[in-house]
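Student: Hey, got a minute to go through this model with me? I'd like to get a feel for how it packs.
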Amino acid sequence: MKLWVLRHGEAEQRANTDAERRLTAHGREQVLRSAAVLLGQPLQVILASPYVRAQQTAALVHEALGFIQPVQTVPWLTPDSDPQAVITELEKLGVKQVLLVSHQPLVGNLVSLLAHGNHQYPAPMSTASLAQLEGDWPLAGLMTLRNLHHP
């Protein structure tokens with residue numbers, strides 16, 4: 001399995017709720033730089049948090065890649081989601097090439113859990129950072145962190 005984990009681009013500091021924060025112009029540029037890393041990758045599915053900034057990030061990547069399938073919004077990719085619950089959901093998907101678009105602290109904890117078996121030291125995922133993991137199964141400690149791109 002190849003798994004890419006993308007943190008949303010830079011977002012506004014303020015909105016009515018955290019879920020409503022939108023990408024800034026700089027955030028959109030960051031996302032497009034990270035999307036370029038994904039060009040030519042045989043993605044099967046793009047999954048995104050329901051938060052506005054993650055939806056905008058996923059839409060930019062979707063368009064930049066010319067991805068045919070629609071972005072799927074899932075409730076288990078919000079900032080405070082449990083990384084182990086995300087792994088359980090990934091196992092259910094039955095696909096081999098997945099892009100997740102989400103937030104900190106989830107993305108740092110998830111990458112660390114998959115690569116090291118714990119999330120004691122979260123991966124350093126700044127805005128629009130893209131982690132590439134590979135392994136036979138999306139299980140704690142059984143994937144290898146191949147690349148961590150920071151735009």
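Tutor: Sure. It's a predicted model, and helix 2 is a good place to start: its buried residues are Arg53, Ala54, Gln56, Thr57, Ala58, Leu60 and Val61.

Student: What do the buried residues of helix 2 pack against?
Tutor: They pack against strand 1 (2–7), helix 1 (25–38), strand 2 (45–48) and strand 4 (97–102).

Student: And how far apart are the end C-alpha atoms of helix 2?
Tutor: They are 20 Å apart. Helix 2 has 14 residues, 52–65, and at 1.5 Å a residue the expected span is 20 Å, so the two agree.

Student: What happens just after helix 2?
Tutor: Gly66 follows, with a positive phi of about 65°.

Student: Back to Thr57 for a sec. Buried or exposed?
Tutor: Buried: Thr57 has a relative accessible area of 0%. Leaving out neighbours within four places in sequence, Thr57 is in contact with Leu6, His8, Gly9, Leu23, Val31 and Val101.

Student: OK, and Ala64, how does that count?
Tutor: Ala64, also found in helix 2, counts as partly exposed because its relative accessibility is 38%, and the buried class stops under 20%.

Student: Which residues does Ala64 touch?
Tutor: Leu32, Ala35 and Leu39, if you skip residues up to four places away in sequence. For a sense of distance, Ala64 and Gln84 are 20 residues apart in sequence, and their C-alpha atoms are 30 Å apart in space.

Student: At what angle do helix 1 and helix 2 pack?
Tutor: About 45°, with the axes 9 Å apart. That makes helix 1 oblique to helix 2. Helix 1 passes helix 2 in a right-handed crossing.

Student: Which residues of helix 1 and helix 2 meet there?
Tutor: On the helix 1 side you have Arg28, Val31, Leu32, Ala35 and Leu38, and they meet Thr57, Leu60, Val61, Ala64 and Leu65 of helix 2.

Student: Is there a general reason for that kind of spacing within a helix? What is it?
Tutor: An α-helix has 3.6 residues a turn, so residues three or four places apart point the same way.

Student: Switching topic: what about helix 3 and helix 4, at what angle do they pack?
Tutor: About 70°, with their axes 9 Å apart. Helix 3 is therefore roughly perpendicular to helix 4. Helix 3 passes helix 4 in a right-handed crossing. Pro83, Gln84, Val86 and Ile87 of helix 3 make the contact with Leu106, Asn109, Leu110, Leu113 and Leu114 of helix 4.

Student: Now the cores. In the largest nonpolar core, which residues touch the most other members?
Tutor: Leu3, Val5 and Leu100, out of 25 residues in that core. Strand 1, strand 2, helix 3 (83–93), strand 4, helix 4 (106–116) and strand 5 (130–134) each give two or more residues to this core. Helix 4 gives the most, with seven residues.

Student: What is Val5 in contact with?
Tutor: Not counting neighbours within four places in sequence, Val5 is in contact with Leu100, Val107, Leu110, Val111, Met125, Ser129, Leu130, Ala131 and Leu133. Apart from this core lies another one, of 18 residues, among them Leu23, Ala54, Val61 and Val101.

Student: Let's do the loops. Where is His103?
Tutor: His103 is in the loop between strand 4 and helix 4. It is buried, at 0% relative accessible area. Beyond four places in sequence, the contacts of His103 are Arg7, His8, Ser49, Tyr51, Arg53, Ala54, Leu77, Thr78 and Pro79.

Student: I'm curious about the backbone too. Cis or trans for the peptide bond from Gln104 to Pro105?
Tutor: It's cis, with omega near 5°. Pro105 sits in the loop between strand 4 and helix 4.

Student: And what is phi of Ala128?
Tutor: Near 65°, which is positive in a residue other than glycine. As background, most residues other than glycine have a negative phi, and most peptide bonds are trans.

Student: Where does Ala128 lie?
Tutor: In the loop between helix 4 and strand 5. Ala128 is buried as well, with a relative accessible area of 0%.

How values were computed
Residues numbered from 1 in each chain as written. Predicted model: local features only at pLDDT ≥ 70, side-chain atom pairs only at ≥ 80, totals over all residues. Heavy atoms only, no water. Helix = DSSP H or I, 4+ residues; strand = E, 2+ residues; numbered from the N terminus. Expected span 1.5 Å × (residues − 1). Buried < 20%, exposed > 50% of the residue type's maximum accessible area, 1.4 Å probe, protein only. Contact = heavy atoms within 4.5 Å. Core = buried A, V, L, I, M, F, W, Y, C linked by side-chain atoms within 4.5 Å. Axes fitted to C-alpha atoms, helices over the stretch in contact; angles between N-to-C directions. Parallel < 35°, antiparallel > 145°, perpendicular 65-115°, else oblique. Left-handed = near helix turned anticlockwise from the far one by under 90°.
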